[in-house]
Amino acid sequence: MARDPDSKVVRPFAFFRAGVQSDPSAARRPILVFEDVYKYFRRDQPTLRGVNLTIERGEFAFVTGPSGAGKSTLLQLVYRKHTVDTGRILFCGKDVARLKPKSIPYLRRNLGIVFQDFKVVRHWTVYENVAVALEILAMPKRLVRSRVAEALERVGLAGRGSERTENLSGGEQQRVAVARAIVTEPALILADEPTGNLDPHLAIDILTLFEEINATGTTVLFATHDHSLIAKRDHRIIGIDEGRVVEARTGLRSWPGAEERAASDPASGLHAVAG
């Protein structure tokens, strides 16, 4: 285990945090690896089948596919809401499925997770919603205050910590959720349909916010079924189709069959990049 000299909090996996390395070889490892992963919720129909996937440190990748395709399941396996049925998931070289139950909270403290429905406590203040992620780590109050202030500034909510979250707009509440996710300085953020409840203009704002976070070195997996959102960027795409992964490395332009689909279905969102 390693100790953070600033917070005096014992952290079991220091190299999970952006910019912190306790093992020189950790910096050369992919941050996340799926090895022949299967997940069943029905015996006769795997939700994920034979998934092999490598996410490098510092990547920004979209995870896409229709509703029910397995996008959320893919992310949930990483933070151990579910476990794989066969195969392995390695996070910074550690097999997530083999972690003992007492280690799962430590795993999740090293991840930032953002949900479609925000999952903020509406009757708490903005500050309280963000600070809770640090308070469970028993950080000193002075450090909590400075970290929360920095996180709120990064998401465009500087000076609004005393406001009740229920009085904020949907887009602002999602920014609170993002601040809570980044305040612990995770190396990996899992965003599960984070723009699903927002209008298109706010969705772009939130996507841009995640890109700014990624620019500081944090790896981001951004799950969405909104092709119009994906079409605006050239990030790597991880598509899930009937439980299998289909990839494009440079946005929708290189998506298999993009030109044909764009020509036949202008509403698909592919025409913007495939022509």
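**A chat about pockets, strands and cavities**

User: Which elements each supply at least two residues to the lining of the largest pocket?

Analyst: Helices α2 (104-109), α3 (126-135) and α5 (170-182) each do, and so does strand β8. Keep in mind that this is a predicted model.

User: Ok. Which one gives the largest share of that lining?

Analyst: β8 gives the largest share, with four residues.

User: How many residues line the largest pocket, and which lie nearest its centre?

Analyst: There are 18 lining residues, and those nearest the centre are Arg 108, Leu 111, Ala 133, Ile 136 and Arg 180. The pocket has a volume of about 450 Å³.

User: How does the lining divide by residue type?

Analyst: Eleven lining residues of the largest pocket are nonpolar, three are polar and four are charged.

User: Back to β8. Where does β8 sit in its sheet, at the edge or not?

Analyst: The sheet is open and has six strands in the order β8-β9-β10-β5-β11-β12, with mixed pairing. β8 (111-115) is an edge strand, as is β12 (244-248), and each of them pairs on one side only. Neighbouring strands are turned by 20 degrees against each other on average, direction ignored.

User: What packs on that sheet?

Analyst: Helix α1 (residues 71-78) does, touching β5, β8, β9 (188-192), β10 (219-223) and β11. The direction of α1 makes about 150 degrees with that of β9.

User: And how do β5 and β11 run, parallel or antiparallel?

Analyst: They run parallel, and four bridges join β5 (residues 60-64) to β11 (residues 236-241). Within that pairing, Thr 64 has Gly 239 in β11 as its bridge partner.

User: New topic. What do β6 and β7 form?

Analyst: They form a hairpin with two residues between them, and Cys 92 in the turn has a positive phi of about 55 degrees. Two bridges join β6 to β7 (residues 94-95), and the two strands run antiparallel. One pair is Leu 90 with Asp 95 in β7.

User: Which residue in β6 does Glu 35 stand opposite?

Analyst: Glu 35 stands opposite Arg 88. Strand β3 (residues 32-42) is joined to β6 (residues 86-91) by five bridges, and the two run antiparallel.

User: Last one. How many cavities of 30 Å³ or more does the structure hold?

Analyst: Two. The second largest has a volume of about 40 Å³.

User: What lines the second largest cavity?

Analyst: Its lining includes Asp 95, the bridge partner of Leu 90. The lining also holds Leu 77, Arg 80, His 82, Thr 83, Val 84, Ile 89, Val 96 and Ala 97. These lining residues divide into five nonpolar, two polar and two charged.

Technical notes. Residues numbered from 1 in each chain as written. Predicted model: local features only at pLDDT ≥ 70, side-chain atom pairs only at ≥ 80, totals over all residues. Heavy atoms only, no water. Pairing = 2+ DSSP bridges. Axes fitted to C-alpha atoms, helices over the stretch in contact; angles between N-to-C directions. Contact = heavy atoms within 4.5 Å. 1 Å grid on protein atoms, 1.4 Å probe; cavity = no way out; pocket = protein on both sides within 12 Å on 5 of 7 lines; lining within 4 Å. Points joined across faces, edges and corners; volume = space filled by probe spheres on them. Nonpolar A, V, L, I, M, F, W, Y, C, P; charged D, E, K, R; others polar.
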